[in-house]
Amino acid sequence: MLRIIDARTGEPAPAAPARRAPTRVVAHAEEGDTTALRVLLVADLLVRGLELDGTPVWATAADSPEPGRLRERAAALGIRPFDEAGAGPGSGRTVHVLRAGGFLPDGPAIAVAPAHPAEPDLADPDALRLALLARHHHARVELDPAALDDARDTLARLRRSVAAWARQPSRPVPDEVRDRLRAAWEDDLDAPGVLGVLRAVERDPGLPDGARFEICAYADRFLALHLTRDLGAPA
């Protein structure tokens with residue numbers, strides 16, 4: 001079961017009251033800066049993690065002074081649309097996602113640390129998403145040119161590898177690797193832990209390439225980095 005660190009208590013808490021019980025995720029992204037985008041990204045990860053666990057989810061966003069601009073930036077970052085606050089059916093639990101240091105509403109909440117600079121660099125949205133995922137959401141992240149260049153290089157390498165692995169006979173995701181991936185994202189949405197599993201998969205000489213491909217495709221259901229984008233491209 002997916003667990004979060006509740007900002008109210010500092011202790012782990014289940015993100016859903018019971019397996020497959022419906023959960024509402026409310027993202028509080030009142031500003032349009034990079035930290036607001038990070039709040040929406042963490043809410044997006046929470047929705048993806050709950051869905052992978054079979055939990056029905058309804059995602060909503062609190063009011064923003066510039067909702068159109070924020071929605072456009074979120075869409076560029078691969079964040080799926082959130083409904084208006086208050087929309088949708090009732091739920092068994094509501095989990096709030098908000099910037100650290102803000103007002104804590106009633107109910108479990110995830111606090112998201114700041115991201116700098118305030119104005120996001122959306123020249124390469126996938127690289128920005130990876131740079132944000134590379135640091136745990138409880139840690140402040142500096143999105144300087146070096147961090148974005150490293151994310152861009154990592155994405156290019158992974159996509160080339162995934163495209164090459166896809167040319168080999170498919171093999172199932174090993175249970176042990178699947179368990180490690182799920183253990184990471186179910187442990188307070190540990191995206192850096194998921195990325196660490198993928199780095200180990202790249203280096204493991206005992207894994208057939210067809211299994212590496214399936215592992216990356218499975219992990220990308222959580223990461224949403226378009227790792228299979230270059231399938232069919234010339235080698």
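**A buried loop, a parallel sheet and two enclosed spaces**

At 4% relative accessibility, Asp-188 counts as buried, because anything under 20% relative accessible area falls in that class. The model in which Asp-188 is seen here is a predicted one. Asp-188 belongs to the loop between H5 and H6, and its backbone has a phi near 60 degrees, which is a positive value in a residue other than glycine. Leu-189 lies in that loop between H5 and H6 as well. Leu-189 is not a glycine either, yet its phi is positive, at about 55 degrees. With a relative accessible area of 1%, Leu-189 is buried. Leu-189 will return below, as one of the residues that line the largest cavity.

Helix H5, which spans residues 175-185, holds Ala-184. Ala-184 has 8% relative accessibility and therefore counts as buried. From Ala-184 to Val-25 there are 159 residues in sequence, and the distance between their C-alpha atoms is 20 Å.

The strands come next, and a general point helps in reading them. Strands of a sheet pair through backbone hydrogen bonds, and they may do so in parallel or antiparallel fashion. In this model, five strands build an open sheet in the order S5-S4-S3-S6-S7, and the pairing is parallel. Its edges are S5 and S7 (109-112), each of which pairs on one side only.

The sheet can be walked from one edge to the other. Two bridges connect S5 (residues 83-84) with S4, and these strands run parallel. Here Ala-61 has Glu-84 of S5 as its bridge partner. Moving on, S4 (residues 57-61) and S3 (residues 23-28) are parallel and share five bridges. Ala-61 appears again at this step, as the partner in S4 of Ala-27. Between S3 and S4 the chain passes through helix H1 (residues 34-52), making a right-handed β-α-β crossover.

On the way to the other edge, S3 is joined to S6 (residues 93-99) by six bridges, and the two strands run parallel. Two residue pairs illustrate this contact: Ala-27 stands opposite Val-97 in S6, and His-28 has Leu-98 of S6 as its bridge partner. The walk ends with S6 and S7, which are parallel and joined by four bridges. At this last step, Arg-99 is partnered by Val-112 in S7.

Another backbone feature is found at His-116 and Pro-117, which are joined by a cis peptide bond with an omega of about 0 degrees. Pro-117 sits in the loop between strand S8 (115-116) and H3.

What does a search for enclosed space reveal? Across the whole structure, one cavity of 30 Å³ or more is found. The volume of the largest cavity is about 70 Å³. Its lining is made up of Arg-38, Leu-41, Val-42, Leu-45, Leu-132, Leu-133, Arg-135, His-136, His-137, Leu-189 and Ala-191. H1 and helix H3 (125-133) are the elements that give two or more residues to this lining. The largest share, four residues, comes from H1, the helix that also carries the chain from S3 to S4. By type, the lining of the largest cavity divides into seven nonpolar, two polar and two charged residues.

The second largest pocket contains about 220 Å³ of space. It is lined by 13 residues, and the closest to its centre are Leu-130, Ala-134, Asp-150, Thr-154 and Arg-199. Three helices give two or more residues each to this lining: H3, H4 (145-165) and H6 (191-203). Which of the elements gives the most to the lining of this second largest pocket? That is H4, with six residues. The lining of the second largest pocket is made up of nine nonpolar residues, one polar and three charged.

Finally, helix H7 (residues 209-223) can be considered on its own. H7 has 15 residues and reaches 20 Å from its first C-alpha to its last, close to the 21 Å expected at 1.5 Å a residue. H7 is mostly covered, with 11 of its 15 residues buried. Among the buried residues of H7 are Phe-213, Ile-215, Tyr-218, Phe-222 and Leu-223. Arg-212 and Asp-220 are also on the list of buried residues in H7.

Note on methods:
Residues are numbered from 1 along each chain as its sequence is written. This is a predicted model: local features need pLDDT of at least 70, side-chain atom pairs count only at pLDDT 80 or more; totals for chains, interfaces and linings use all residues. Side-chain values use heavy atoms; hydrogens and water are left out. Two strands pair if DSSP finds at least two bridges between them. A crossover is right-handed if, with the strands pointing away from the viewer, the path from the first strand over the helix to the second runs clockwise. On a 1 Å grid over the protein atoms alone, a cavity is a set of points where a 1.4 Å probe fits but cannot get out, and a pocket is an open set with protein on both sides within 12 Å along at least five of seven lines; lining residues have an atom within 4 Å of a point. Grid points are joined across faces, edges and corners, and a volume is the space filled by probe spheres set on the points. Ala, Val, Leu, Ile, Met, Phe, Trp, Tyr, Cys and Pro count as nonpolar, Asp, Glu, Lys and Arg as charged, and the others, Gly among them, as polar. The expected span of a helix is 1.5 Å times one less than its number of residues. Buried means under 20% relative accessible area, exposed over 50%, partly exposed in between (1.4 Å probe, protein chains only).
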